[in-house]
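Student: I should like a close look at a single part of this model, followed outward into its surroundings. Please give one connected account.

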Amino acid sequence: MQSRGSNNRLNGPVFGSRISVLMLSMFATVATVYVAGRLWQDAQNRVYLIKMLDRITGQGQSAISVDDTLKVIACRERQKKLSALEMELAAARQEGFVSKRLHKTNGTHSKDRPLVVIGILTGFGRKNNRDAVRKAWMGTGGALKKMEDQKGIVVRFIIGRSPNRGDSLDRGIDSENKQSNDFLVLDNHVEAPEELPKKTKMFFAHAADIWDAEFYAKVNDDIYVNIDALGNTLATYLDKPRVYIGCMKSGEVFSEPSQKWYEPDWWKFGDRKSYFRHASGEMFVISQALAKFISINKSLLRTYAHDDVSVGSWFIGLDVKHINEGKFCCSSWSSGAICAGV
C-alpha cells in the first residue's frame with residue numbers, strides 16, 4: 001500500500017510537466033503560424049506595390065523595393081530643388097551678380113554701397129610712399145572717413161605678411177596700421193616680388209567679400225589719383241555690369257630668363273610672342289561682377305609673371321566689356337587724367 005501511494009505521488013508532477021510542455025509547444029506553433037502569416041502578407045503587399053509601380057512607370061522588368069521607391073521619390077524632389085537653384089544661379093549670372101534693388105535709375109550709385117574700393121598695393125620698406133599718398137590724395141583719419149561717407153570711395157593699403165611671421169616687418173605694419181587704420185592686411189599672403197599677381201588676386205577676392213561696391217580698383221603705391229575725376233568717370237559705367245577699365249596695351253613676351261620682364265610661360269602666347277590686350281598694371285578698375293567672379297574662382301585662376309597680364313587673362317573667355325580709357329594712362333598726365341606717376 002505504501003508503495004502504490006508513493007508511485008501516485010511521483011506520477012502527479014510528471015503528468016503536470018507533460019501538460020506544460022504540450023501547452024508551450026502549441027503556443028510556439030501558433031506563434032510560428034502567426035509570424036509566417038505576417039511575413040507572407042508583407043511580401044504580398046510588396047509584390048502588389050511593385051506591380052502598381054511597374055504599371056505606372058511602364059517598367060515591367062523592374063523589381064525595386066518600397067524603400068528604394070521612397071528613395072527615388074526623395075531624389076526626384078531634390079532634383080526639382082536643384083533645378084530651381086540652377087535657374088536662380090543662371091538668372092544671377094545674367095544680371096552680372098548684381099542685385100537690381102541696390103541700383104538707382106538716375107545714373108548715380110546707390111547710397112547702400114560704395115562706389116569704388118581702391119586697393120593700393122604696397123610692401124615693406126615703402127612707408128615714405130604711403131605717407132606721400134596719404135598727404136597727396138588719400139587723406140587720413142576724418143578726411144578718409146569723409147571720403148567714404150560722402151563720395152562712396154574706400155581706400156586701403158594692401159599688404160601681406162613677412163616670410164618670418166611676426167618679425168619686425170610685421171610688427172612695423174601692425175604699428176602703422178594701429179595709428180592710421182588704413183590697411184587691408186592679407187594674413188594668408190607672404191610678401192615677395194614674384195608673388196604680386198597672387199597678391200592682386202587676393203585683394204580683389206577679399207575686397208569683394210568685405211565691401212559690396214560697384215567697382216574695385218588696383219593702384220600702385222607710387223601713383224597719384226584724382227579722386228573727383230575717378231568718381232565722375234566710373235559714374236558713366238554704372239549701367240554696365242561687367243566692365244574692365246584701364247589703359248589697354250599689349251606688348252612683347254620676353255622668353256629669355258636674363259630679360260627684365262621674363263615670362264616663364266612665354267610659349268603659351270604663340271609664335272609671335274605677343275601678349276593679349278590687357279590694362280596697364282599701374283591702375284585699372286573692374287566692376288563688382290568681375291570681382292565676385294575672382295572671389296568665387298580664385299583657386300582655379302592661374303597667374304603669370306605679371307599681375308596686369310594675369311588679370312587680363314581671367315577675362316578673355318568671359319562676356320566682359322574691355323574699355324580703353326586714356327584717363328587711366330598714368331605715365332602721361334593730361335587735363336582730366338585720373339592718375340599720374342609720382
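Tutor: Threonine 122 sits in the loop that joins β1 (116-121) to α3. This is a predicted model, and everything that follows is computed from it. Threonine 122 has a relative accessible area of 5%, under the 20% limit, and is therefore buried. Setting aside neighbours within four places in sequence, threonine 122 is in contact with Arg130, Phe157, Ile158, Ile159, Phe183, Glu191, Lys199 and Asp221. One of these partners, aspartate 221, is 99 residues away along the chain, yet the two C-alpha atoms are separated by 5.6 Å. Contacts between distant parts of the sequence are a feature of the chain as a whole: among contacts with a separation of 6 or more, 74% join residues 24 or more positions apart.

Arg130, a contact of threonine 122, also takes part in the packing of α3 on α5. Helix α3 (residues 127-138) packs against α5 at an angle of about 15°, with the axes 13 Å apart. That angle is under 35 degrees, so the two helices are roughly parallel. The crossing of α3 past α5 is right-handed. On the α3 side the meeting residues are Lys127, Arg130 and Arg134, and on the α5 side they are Ile173, Glu176 and Ser180. By class, this contact comprises 1 nonpolar, 1 polar and 4 charged residues.

Beyond the end of α5, asparagine 181 is found in the loop between α5 (168-180) and β3 (183-190). Asparagine 181 has a relative accessible area of 58%, over the 50% limit, and is therefore exposed. Its phi is near 55°, a positive value in a residue other than glycine.

From the loop that holds threonine 122, one may turn back into β1 (116-121) and to isoleucine 118. Together with Leu230, Ile118 has the most contacts inside the largest nonpolar core, which has 38 residues. Not counting residues up to four places away in sequence, isoleucine 118 touches Trp137, Ile153, Val154, Val155, Arg156, Phe203, Ala217, Val219, Ile227 and Leu230. A second, separate core of 28 residues includes Val154, Met202, Ala207 and Ile294. Val154 thus appears both in this second core and among the contacts of isoleucine 118. In soluble globular proteins, nonpolar side chains tend to be buried together.

Ile294 leads to α8, and the residues of that helix meet α6. The axes of α6 and helix α8 (residues 288-297) come within 8 Å and cross at roughly 110°. An angle from 65 to 115 degrees counts as roughly perpendicular, and α6 therefore stands in that relation to α8. The contact is formed by Lys201, Phe204, Ala205, Ala208 and Asp209 of α6 with Ala291, Lys292, Ile294 and Ser295 of α8. These residues divide into 5 nonpolar, 1 polar and 3 charged. Helix α8 is mostly covered, with 8 of its 10 residues buried. Among the buried residues are Ala291, Ile294 and Ser295, which also belong to the contact with α6.

Helix α6 (residues 196-210) has another partner in helix α9 (residues 307-314): their axes come within 8 Å and cross at roughly 50°. The two helices are therefore oblique to each other, and α6 passes α9 in a right-handed crossing. Leu196, Pro197, Thr200 and Lys201 of α6 make this contact with Asp307, Ser310, Val311 and Trp314 of α9. It has 4 nonpolar, 2 polar and 2 charged residues. Lys201 of α6 takes part here and in the contact with α8.

The segment between these two partners of α6 includes tyrosine 304, which is placed in the loop between α8 and α9. Its relative accessibility is 15%, so tyrosine 304 counts as buried. The C-alpha atoms of tyrosine 304 and glutamate 195 are separated by 9.8 Å, although the residues are 109 apart along the chain.

A last buried threonine lies in the helix that follows α6 in the numbering: threonine 233 is in helix α7 (residues 227-235). At 6% relative accessibility, threonine 233 counts as buried. Apart from neighbours within four places in sequence, threonine 233 is in contact with Glu325, Lys327, Phe328 and Ile338. For the wider setting, the chain has 9 helices and 9 strands, and 39% of its 342 residues count as buried.

Terms used
Residues numbered from 1 in each chain as written. Predicted model: local features only at pLDDT ≥ 70, side-chain atom pairs only at ≥ 80, totals over all residues. Heavy atoms only, no water. Axes fitted to C-alpha atoms, helices over the stretch in contact; angles between N-to-C directions. Helix = DSSP H or I, 4+ residues; strand = E, 2+ residues; numbered from the N terminus. Parallel < 35°, antiparallel > 145°, perpendicular 65-115°, else oblique. Left-handed = near helix turned anticlockwise from the far one by under 90°. Contact = heavy atoms within 4.5 Å. Nonpolar A, V, L, I, M, F, W, Y, C, P; charged D, E, K, R; others polar. Buried < 20%, exposed > 50% of the residue type's maximum accessible area, 1.4 Å probe, protein only. Core = buried A, V, L, I, M, F, W, Y, C linked by side-chain atoms within 4.5 Å.
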